[in-house]
Amino acid sequence: MKYLIVNADDFGASAGINRGILEAHVRGVLTSTSLMVNMPAVAAAVRSSRDYPALSIGLHVNFTNESEGPVVDLDDDEACRAELARQFEMFGDVMGCLPSHIDSHHHVHRRRNLLPLFQDLAARHRLPLREHSPVRFFKRFYAQWDDDTHLDWIGTENLIRLLEAALCDGVTELGCHPGYVDPLFATLYNTEREVELQTLCDPKLRAWLTDAGVALVNYHAVSSLAADAMAS
């Protein structure tokens, strides 16, 4: 069986991004999101998320705030360890629960010196860490490379083509960044977010997933799916 988690990064970054993420969940195929606990719209994100219990919410660790520069020196392991622990604790304080999974802004957890810190945290709390769990990560739904923007790449037809080639049995996470342009949030990935939102809400995408036998799930389903796989 093919299962797909559609996870939006940057929840809490701005009002426009919050609105886009929730719209993609209600009207589209989005099943999960990752919360930035040290951004201006986090309180609004937490409040609004209470109305959507089917939306799993993970921790989007933010060491590289786009509007204010690095939160910590990424080469300072101890500073990063302390900030990682602080943000994990902040998530619990604002959400009242553990995150459903862990990932990071700008994928800083991929850095050789930081990956062990993230792996240790995820292992201690038995949480999936992006690219280091049974959930495969599909990262190609993104419109910027070579200093240019490629909006056709994040259109519905191309996403279907990419998923058709990539999906296989098991659980896959599709990473995405839907949202509305927000003048209060400075980001290089801007109008692309609105195109992603349109794609994720396109009925043609949901119809293709149904026809292809792909079941939409959130991160809360991962442990039960893993247990079922072991039992069979």
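# Reading helices, salt bridges and a pocket in a predicted model

The structure holds 11 salt bridges, and the model in which they are found is a predicted one.

Student: Where should I start with the salt bridges, and which residue does Glu23 pair with?

Tutor: A helix offers a simple case, and the general idea concerns its geometry. An α-helix has 3.6 residues a turn, so residues three or four places apart point the same way. Here, Glu23 forms a salt bridge with Arg27, with 2.5 Å between the closest N and O atoms, and both residues belong to helix 1 (residues 15-27), where they lie 4 residues apart, about one turn of the helix.

Student: What partner does Asp120 have, and how far apart are the two residues in helix 4?

Tutor: Asp120 forms a salt bridge with Arg124, the closest N and O atoms being 3.0 Å apart; the two residues are 4 residues apart in helix 4, and about one helical turn therefore separates them. Asp120 is partly exposed, with a relative accessible area of 37%, whereas Arg124 is exposed, at 54%. Elsewhere, salt bridges that share partners join Asp9, Asp103, Arg130 and Glu173 into one network.

Student: Which parts of the chain does the salt bridge between Arg110 and Glu131 tie together?

Tutor: For a pair of this kind, one reads the distance and then the place of each partner. The side chains of Arg110 and Glu131 meet in a salt bridge of 2.9 Å, N to O. Arg110 lies in the loop between strand 6 and helix 4, and Glu131 in the loop between helix 4 and strand 7 (136-138), so the pair ties together parts that are 21 residues apart in sequence. Arg110 is partly exposed, its relative accessible area being 39%, and Glu131 is also partly exposed, with a value of 31%.

Student: Helix 4 has come up twice, so I would like to read its burial; which of its residues are buried?

Tutor: The approach is to list the buried residues and then ask how they are placed around the helix axis. In helix 4 (residues 115-125), the buried residues are Leu115, Leu117, Phe118, Leu121 and Ala122. Seen down the axis of helix 4, these residues fall within an arc of 165 degrees, so they line one face of the helix, while Ala123 and Arg124 are exposed on the other side. The cover over the buried residues of helix 4 includes strand 3 (56-61), helix 3 (77-95) and strand 6 (102-104). After the helix comes Arg126, whose phi is positive, near 55 degrees.

Student: How would the same reading go for helix 7, and what do its buried residues pack against?

Tutor: In helix 7 (residues 203-211), Leu205, Trp208 and Leu209 are buried. Seen down the axis of helix 7, the buried residues fall within an arc of 100 degrees, so they line one face of the helix; Pro203, Thr210 and Asp211, on the other side, are exposed. The buried residues of helix 7 pack against strand 1 (2-11), helix 5 (156-166), helix 6 (191-200) and strand 11 (214-216).

Student: What should I look for at the start of helix 7, and what follows the helix?

Tutor: At the start, one looks for a side chain that reaches a backbone nitrogen, and in helix 7 a side-chain oxygen of Asp202 comes to within 2.9 Å of the backbone nitrogen of Lys204. Helix 7 is followed by Gly213, which has a positive phi, near 75 degrees. Ala212 lies in the loop between helix 7 and strand 11, and counts as partly exposed at 33% relative accessibility.

Student: Strand 1 was among the partners of helix 7; is Asn7, in strand 1, buried or exposed?

Tutor: Asn7 has its place in strand 1 and counts as buried, at 0% relative accessibility. For a buried polar side chain, one then asks what it reaches: the side chain of Asn7 reaches the backbone nitrogen of Thr33 at 3.2 Å. Asn7 also touches several residues beyond four places away in sequence, including Ser32, His101, Asp103, Arg130, Glu173 and Cys176.

Student: Finally, how much space lies in the largest pocket, and which residues are closest to its centre?

Tutor: A pocket is read by its volume and then by its lining. About 360 Å³ of space lies in the largest pocket, and, of the 22 residues that line it, Asp9, His106, His107, Tyr142 and His177 are the closest to its centre. Strand 1 and strand 10 (170-176) are the elements that give two or more residues to this lining.

How values were computed
Residues are numbered from 1 along each chain as its sequence is written. This is a predicted model: local features need pLDDT of at least 70, side-chain atom pairs count only at pLDDT 80 or more; totals for chains, interfaces and linings use all residues. Side-chain values use heavy atoms; hydrogens and water are left out. Buried means under 20% relative accessible area, exposed over 50%, partly exposed in between (1.4 Å probe, protein chains only). The arc is that of the directions from the helix axis to the C-beta atoms. Contact means heavy atoms within 4.5 Å. A polar contact is a pair of N or O atoms within 3.5 Å; within protein, one must be able to donate a hydrogen and the other to accept it, and residues adjacent in sequence count only if both atoms are side-chain atoms. A salt bridge is a side-chain nitrogen of Lys or Arg within 4 Å of a carboxyl oxygen of Asp or Glu. On a 1 Å grid over the protein atoms alone, a cavity is a set of points where a 1.4 Å probe fits but cannot get out, and a pocket is an open set with protein on both sides within 12 Å along at least five of seven lines; lining residues have an atom within 4 Å of a point. Grid points are joined across faces, edges and corners, and a volume is the space filled by probe spheres set on the points.
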